[in-house]
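Student: I would like a close look at one part of this model, taken slowly and with the neighbouring elements kept in view. Could you walk me through it?

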Amino acid sequence: MDHLKTTKVDNVSLRDKFNPNIHNNGTLHLTATHLIFINPIKQQEIWVSYSHVAAIEKQQITIKGSPLKIICKNFRILNFLIYDERDCQDVYISIQNLTKPEKYEDLHAFTYEPIGARLPKSEGWNIFNFETEIARLQVPSDTWRKTDINKDYKLCATYPEVLYVPSAATDEVLTGSASFRSRARLPVLTYYHKYSKAALCRSSQPLTGMRGRCVDDEQLVQTIIQSNSNSPVMYIVDTRPKINAMANKAAGKGYENLDNYPNVLYRFRGIQNIHVMRESLQKLREVLENATLNSSDFFDALGSSGWLKHIRSVIDTSRFIALAMVEDKASVLCHCSDGWDRTAQTCALASLFLDPFYRTIKGYQILIEKDWLAFGHKFNNRCGLLYGEAREVSPVFTQFIDCTWQIIQQFPFAFEFNENFLLVVHDHVYSCQFGNFLGNCEQDRKKKSLSKRTYSLWGYISGQLAKYLNPYYDQNYNSDKGGMIIPSISPQNIRFWPGMYHRFVVARFASKAAEDQVIQLYADNKELEKEISALTDEIARLENHSVEDPVNVSEHVKDVNEDKSTAMVNNELDSSLSSNIEGNTLEISAILDNNPLEEFEESNLTDLANDEKKEVQAEEDNQISESQDDVSDLGNDDDEENNQISESQDDVSDLASDNEEEAQAEENDIISESQDDADMKNEDSES
């Protein structure tokens, strides 16, 4: 908070150059990590992380106030008008102090705590393991081996500790090659195409301008060629323009001399350096900010920026590498100058073309972890996360994300993730909210214990995957070709990405609505599928439990259906049998009243009736007990239970009717015999 000259400024106007008639007035708040603009009338909040601020300009004061322009790395441009010039100066100085901290510990990642459901800090940090990923590619093998020569980063400080090299290459050869390559970044494996047996290796430029040649390096290249039995040659793809490579040679570095590297085909691919890319991005921002351009002028200015030309160049080089590995079945060694910018772009994209796994959400995360983080892309320098030299900043990773979007436009069914996933990854590279992209290499991140002290972006994404799923994804796309995709580089297929560069323009919101609705419906559908799956699992669990413990079959069904069904059966039996027995007893009593019987004969008739009633009642109780057992044995399907209960009720009703008829017949026989005895006695009396 020491850097804050002010924490709150009222009466601030946020101007929209594309919609000058829109008045957006509110309050500007400055916290330790964010700039927040709040419009209470529109209930609008705009949060800007200081790490996202690329530049801040305090412009000439006007009659209405002091203009302040904030340019963000995620292509948001904010034009504030602050009434009081002193307030404007305080805001300007505060943001300047907070956008470029000097220490890692001052970055947002070390104080960030997620809102709502909290994930453990370890979530997402274990998604990538280099050995596991290379094993997925069926390496190690007879021709490729794992080496611990870089243990504790003692051979190359910017490489991972575990490396994979040709089995025929000795540790002495590896050490000698490292001494001949810039930054000791010797040729090592980054991707293996298991169908063609071709290997994709990466390195930095050789120091030919200083040392001329190195036998160990030449031997290492030959072992890479020999590890592939499907091709007698290999390609060395130098991603730089040839003139740049020649200039580097004059400075002591350079490129491989083919006289010393037999069986090698050399290709320069012409991707410009970080300085040209930085200037191109600046021109692109000027185009995006200019609200006066008509359609024709906009596309002319966009072409003049060279941005799409550079995107095409990166895709073209990656396409060449992929085709060389598949069509020629040749291994490829790819490098630029130091092997951590253009090399990372092209190796990652070539792998994306060849392997459908990298086109899933998890696979794309692993691809970034492998080719960008593990192999030492300088995120700290290139993204300007800490205070440092501005010449080191360059949009190398932004270009990679843009290239991925270009491929999705050509192959919309081949990717599991959508545009939103690319945007959230891009934005959080610059936000410093998560620890994944802090530092310049794997060694930096381990020294800072980032996996223990900060949250992972991958853990954050895992909690809301439905937002990033592509509704058109087909996991079997191009399965007949091993899932490989080769993009077109024709001019009409390289497009301006409005979702990245114009997403904060109000006029674009309406055109984006339909696509967002499709994605939201797909996300909602995925959530419903999860609920259905959970309910299905619960049903299966109950069914398994019922099979293992039949005594406790469907307790909730018994509580409802058994009680109702048993009560219904009992009531019907009781009412039916009681009325029948009582009717029969009354009928016997009436007969006895009309016949002068002896006292013992009345007792006999009454005992007979009582005995019969007890027998019928006992039989009825047995039937009721059997019906209750039938009800308790009913299974898991409600429809079958209802049918069985209905059948049980019918059976019991039939039994009751049969018992009623039998009792009636027996009682009639008794009455008939009693009448005959009475008649005979009367006749004897008359005699």
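Student: In β3, which residue is the bridge partner of Leu 30? Please set the answer in the context of the strands around it.

Tutor: Keeping in mind that this is a predicted model, the bridge partner of Leu 30 in β3 is Leu 35. That pair belongs to the junction between β2 and strand β3 (residues 34-39), which run antiparallel and are joined by four bridges, while the connection from β2 to β3 is a hairpin made through three residues. Strand β2 also pairs with strand β1 (residues 8-15), again in the antiparallel sense, and here the pairing extends over five bridges; within it, Val 9 has Leu 28 of β2 as its bridge partner. Strand β2 itself, which covers residues 24-30, has five of its seven residues buried, and it is therefore largely enclosed by the rest of the structure.

For another covered element, one can turn to helix α14 (residues 419-431), whose 13 residues reach 18 Å from the first C-alpha to the last, close to the 18 Å expected at 1.5 Å a residue. Helix α14 is mostly covered, with 12 of its 13 residues buried, among them Phe 421, Leu 422, His 426 and Tyr 430. At the start of α14, a side-chain oxygen of Asn 418 comes to within 3.0 Å of the backbone nitrogen of Asn 420, and just after the helix Cys 432 adopts a positive phi of about 60°.

Terms used: Residues are numbered from 1 along each chain as its sequence is written. This is a predicted model: local features need pLDDT of at least 70, side-chain atom pairs count only at pLDDT 80 or more; totals for chains, interfaces and linings use all residues. Side-chain values use heavy atoms; hydrogens and water are left out. Helices (H or I, at least four residues) and strands (E, at least two) are DSSP runs, numbered from the N terminus. The expected span of a helix is 1.5 Å times one less than its number of residues. Buried means under 20% relative accessible area, exposed over 50%, partly exposed in between (1.4 Å probe, protein chains only). A polar contact is a pair of N or O atoms within 3.5 Å; within protein, one must be able to donate a hydrogen and the other to accept it, and residues adjacent in sequence count only if both atoms are side-chain atoms. Two strands pair if DSSP finds at least two bridges between them.
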